[in-house]
Amino acid sequence: MYLFSKNRYYIQFMSEENWIEVGSTDSIEEEDLIRFDHQDKTFCVYKLTDGFYATDGICTHEAVHLEDGLVMDDEIECPMHQGIFNIKSGEALSPPACEDLKTYPVKVDNDKIFIKID
Amino acid sequence: MKNNIIILGGGQAGIYAAREIRQNDSKSNIKIIGEENLLPYERPPLSKDFLLDKKNEEDLYFHSSDVLKNENIEFENVSISKVDFENKKLFADNDDVYSYDSLLISTGSENKKLSLDNNLKNDVYYLRNLEEAKKIKEIVSNKNKITIIGGGFIGLEIASSLSQLQKKVIVIEIGNQLMGRIIPKQIADLVQNTHLEHGNEIILNKQIEKITKKNGIYEILLNDNSLIKTDFLIAGIGSTPAVKLFENTNLKLDNGILTNQFCETSIKDVYAAGDVSNFYHPLYERNMRLESYQHAQNHGICAGKNIAGVKTEYTSIPWMWSDQFNLNLQLTGICNDYDEIIERGNDINSGVIYFFLKNKIIRGACGLGIAGKIGRDIRITSKLSEKNTIVDKQILSDQNQKLNKLIQK
């Protein structure tokens, strides 16, 4: 029982730690995004009409930051070559992008946005 | 009904058309005939990341052979020497005959060549395909001073790459500005400054009188009697639609293959897409021929839909880009027919954009900035021009105001 509990707490602890604070909810305008850098990775965090979402911050087609891309409805368009991804699923919707974009869970706690990085 | 669909031309328009046809038609035979013995690949990196060794050959292919196999799209490397539109047949150099029910011509464009009256024809290099890029990459590794004839996109992209490889680069342009065929002078001058800052020499307004070779060194005599000595010559002086195969046929040609907004040519069941097509654009109510990545792709997709029976108008707003050094240049819409110009930003680090308006309606924009910085606003301009939007000039000129809000849903 002791071992089980310990493991359980350990898992919970790890999982709590992986929620990284991005900023306050009012730092993003609706239907827009902000770039968030953590360690050596870049993410994009979006505010859509129904909540906050997060994806990798670099296009899967060429190494370009998506922070300068256009958010339209549930889609982000790469500013360099106009590849389009669904923000919620990461699905590559329009060429030249053909590899999906990785997405991350997002939660809001006390007006602060957190993303869960694995 | 099962059809034989042949796509003549194994470039970007061809592969996107093939996949679009398959999306809408699971039964027909689809065959791409390509002159290069390579699956369709991306050309933009050839002058940039490929020369710089940041991308290799494997990175260039649009799709693997597995994707084509899974979608039952055949690819054949053969050279076609004759077309019989009446009997719907293509004749290959090796005497093979191909019959089609529907034909898409996506043969692209070919480099214009310098007219050299001596034995130097093989000494001037051009860059359009992978083989040429490989040759240039190999040869420049042993050269120091390289002259590029032509200050258009391709010449300047090569100049940027060679400069990054520590080469001494000279660009000779016949016109009074760089990229003069399509890029507004304001942006061209900013690009020129960047080349100069990186040590490239830019010579404008000069014609080449003569090129000679002495002891392995080329001497270029210009029309002001100045002489340039160089180790290697590359030319990028424009291109022409690849239509030689159709010159003595009934297919209507005029600066490419004439097509309507559905990619249909003057001959039934024959379509054309990409660089080779001089197409009717319903928004601008005129024909145009474009040589760009986005156009090849979208026009190919549109042709694919129409071939598969999904009647679709081509209404894509022209858009193109060029990457030089760490800068990204983009142009959208029409930038040469305007009565007012509005400037947004004055620093290429955060992006500079010129908007072109006519009768208060936004028609196009051209911008330059560190990679990606101008992409969103250029894209918004495409959307605004598509809807003939009259925009608030104050918002356009103020970089602190986001343009997103101008898009009407």
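# Notebook: a pocket between chains A and B

I began with the lining of the second largest pocket, which by class has 12 nonpolar, 10 polar and 8 charged residues. I note at the outset that I am working on a predicted model, and that every value below is computed from it.

I then looked up the volume of the second largest pocket, which comes to about 690 Å³. Of the 30 residues lining this pocket, those closest to its centre are Ile84(A), Ser94(A), Asn298(B), Ser316(B) and Arg379(B). Which elements supply at least two residues each to the lining? I found β5 (70-72) and β6 (75-77) in chain A, together with α7 (293-307) and α8 in chain B. The largest share, 7 residues, comes from α7(B).

Next I turned to helix α8 of chain B, which runs over residues 375-386. Its 12 residues reach 17 Å from the first C-alpha to the last, close to the 16 Å expected at 1.5 Å a residue. Is this helix mostly covered or mostly open? I recorded it as mostly covered, with 11 of its 12 residues buried. Among the buried residues are Asp377(B), Ile378(B) and Arg379(B), and I had already met Arg379(B) among the residues closest to the centre of the second largest pocket. Just after α8(B), I noted that Asn388(B) takes a positive phi of about 50°.

From α8(B) I followed the contacts back to Ile353(B), which lies in strand β25 (residues 351-358) of chain B. Leaving aside its neighbours within four places in sequence, Ile353(B) is in contact with nine residues that I list in full: Ile342(B), Glu343(B), Arg344(B), Ala365(B), Cys366(B), Gly367(B), Ile374(B), Asp377(B) and Ile378(B). Ile353(B) counts as buried because its relative accessible area is 2%, which is under the 20% cut-off. I also checked Leu396(B), 43 residues away along the chain, and its C-alpha is separated from that of Ile353(B) by 9.3 Å.

Last, I searched for disulfides and found 0 over all chains. Cys44(A) is in no disulfide, and the nearest cysteine sulfur, that of Cys78(A), is 10 Å away. Cys302(B) is in no disulfide either, although I looked at this one with care, since the nearest cysteine sulfur, that of Cys263(B), is 4.0 Å away, whereas a disulfide requires the two sulfur atoms to be within 2.5 Å. Both cysteines are buried, Cys44(A) at a relative accessible area of 1% and Cys302(B) at 4%.

Conventions
Residues numbered from 1 in each chain as written. Chains lettered and ligands numbered in written order. Predicted model: local features only at pLDDT ≥ 70, side-chain atom pairs only at ≥ 80, totals over all residues. Heavy atoms only, no water. Helix = DSSP H or I, 4+ residues; strand = E, 2+ residues; numbered from the N terminus. Expected span 1.5 Å × (residues − 1). Buried < 20%, exposed > 50% of the residue type's maximum accessible area, 1.4 Å probe, protein only. Contact = heavy atoms within 4.5 Å. 1 Å grid on protein atoms, 1.4 Å probe; cavity = no way out; pocket = protein on both sides within 12 Å on 5 of 7 lines; lining within 4 Å. Points joined across faces, edges and corners; volume = space filled by probe spheres on them. Nonpolar A, V, L, I, M, F, W, Y, C, P; charged D, E, K, R; others polar.
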